[in-house]
Amino acid sequence: MSTISPERQDHKYLWHPFTQMRDWLKTEPIVLTKGKGSILWDNKGREFLDANSSIWTNLHGHNHPKINRAINDQLKKVSHVSALGFSNVPASKLGEQLVRLANPKKLLNKSQPRLEKVFFSDDGSTSIEVAIKLSYEFAKRTGASRKPRFLSLEGAYHGDTVGAVSAGHIDLFHKAYSGLLFKTDKVISPYCYRCPFNKAAPERADARSYRNCNMECATQVEQKFEQRKKKGGSYAAFLVEPGMQGPAGLIAQPKNWLSKVTDIARNHNAQIIADEVMTGLGRASKQIFASHSDKVQPDYLCIAKGLSGGYLPMAATITTQKVFDAFLGDYSEFKTFFHGHSFTGNPLGAAASLASIELLESKKGQRIQLAKNIKEYSKKLWELETVGDMRQSGCVLGIELVRNWKTKEPFNLTEQAGIRVCAGLAKKGILTRPIGNVIVVMPPYCTTKAQIKKIFSTLHEIIDEIL
Ligand SMILES: Cc1ncc(COP(=O)(O)O)c(C=O)c1O
């Protein structure tokens, strides 16, 4: 057994994701050892509020007795069996539940696609990878496109596997790998605060509420489809995050944008891939899936992060019978979807997911109240000169920091405004991670009013002090 401390062990052996390791090695890591509800403790006994739900995964709090019990019960039966050639009970039950949740009768009409088939994978990236491959093959097999291409949004991030990176448009992350990627197109994101078409002067409110435009962002989508058609091509699918683009900087969409662009894509015979990896399972809308808030039913619904309540890596791509049927045939036709992962349909992950879904439905009031509390207590941040925009969707809030709200001048990334604010918050017992100059507030649904009050009063103090 090693005698060195966990901090030293980390520094000696680990390489962290999206982390400049030179900086990491200069500071002592926070070693988290325990959790309960929205609270995490480190190995020194310090207490923290988990204000970004452990990178947007945790829904109902840490160490939840119901999810713990579900995993423990399943552990006593079997931890893992292969979905290649075999079935297991929790995965099939979860499939049934996901199909039920993905087709809310009250919100959708009969002419919209029904999502009927669930393909499990491991994480957000792989759920997107599955959708891209299915859509590509579907477009070819049905004759919708001979050379299927994908359209996604400026600033998009859909994961780190090669297909997901190809559909991403964040130069900082993706440019270095351009030689490895396939070509996709991008179109303007509905980013009201920094939209070149929005003629409104900044106000002390979410830019969506005072925008002055003709929703040119949707017109540009139409133009993009037309341009592609003129060149003799087409798109297999438009890949979007419904309601709010998360990793692009928590960019919340104006109402009806999603339904407008969905109509445009469908009129051009393209499918919709909804990346609900962040927004899904009640996170970014009143509904379980953000697509349904705008009465949109995608052709592929990709979910991950919160699926297992944030306990275990578990993801799903839910799609239509029509897509499923395109892969049916005699064995010798080789129409099989040749794709899968060793842990596809993992029983422990599925058991945790089933328990999490029960909580999601039985405790809906909790997340509705959380969204209200975030709205109420974040208001005071408008007093600060360096708060440019605040965008809330359901239980997610993005706070965009600027040099001065009147000019909207951004901080240079090298100034690390977001990183410095989050480091200040951590010293005061609040954990979150910025996206550039945007501070993320996305706590578990069980976070209390008092905890929310604390998050925002500390944020006020720290932003004021540091910027
Ligand atoms: C919207 C969105 N899509 C996809 C992903 C990739 O998910 P994962 O990190 O689980 O592969 C992320 C991760 O942050 C995400 O936020």
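Trainee: Which residues lie nearest the centre of the second largest pocket?

Mentor: This is a predicted model, where local features need pLDDT of at least 70, side-chain atom pairs count only at pLDDT 80 or more, and totals for chains, interfaces and linings use all residues. Residues are numbered from 1 along each chain as its sequence is written, and side-chain values use heavy atoms, leaving out hydrogens and water. A pocket is an open set of points on a 1 Å grid where a 1.4 Å probe fits, with protein on both sides within 12 Å along at least five of seven lines, and lining residues have an atom within 4 Å of a point. Of the 34 lining residues here, those nearest the centre are R208, K375, Q392, S393 and G394.

Trainee: Which helix gives the most to that lining?

Mentor: Helices are DSSP runs of H or I with at least four residues, and strands are E runs of at least two. At least two lining residues come from each of α9 (207-210), α12 (290-293), α15 (364-378) and β13 (387-393). With six residues, the one giving the most is α15.

Trainee: Why does the largest nonpolar core lie between two domains, and which are they?

Mentor: Such a core joins buried Ala, Val, Leu, Ile, Met, Phe, Trp, Tyr and Cys residues through side-chain atoms within 4.5 Å, buried meaning under 20% relative accessible area with a 1.4 Å probe, protein chains only. This one has 52 residues, and helix α17 (residues 449-466) supplies its largest share, six. It lies between the two because both give residues to it: domain 1 (31-60 + 381-466) and domain 2 (73-362), with bounds from an automatic or database domain assignment.

Notes:
Buried < 20%, exposed > 50% of the residue type's maximum accessible area, 1.4 Å probe, protein only.
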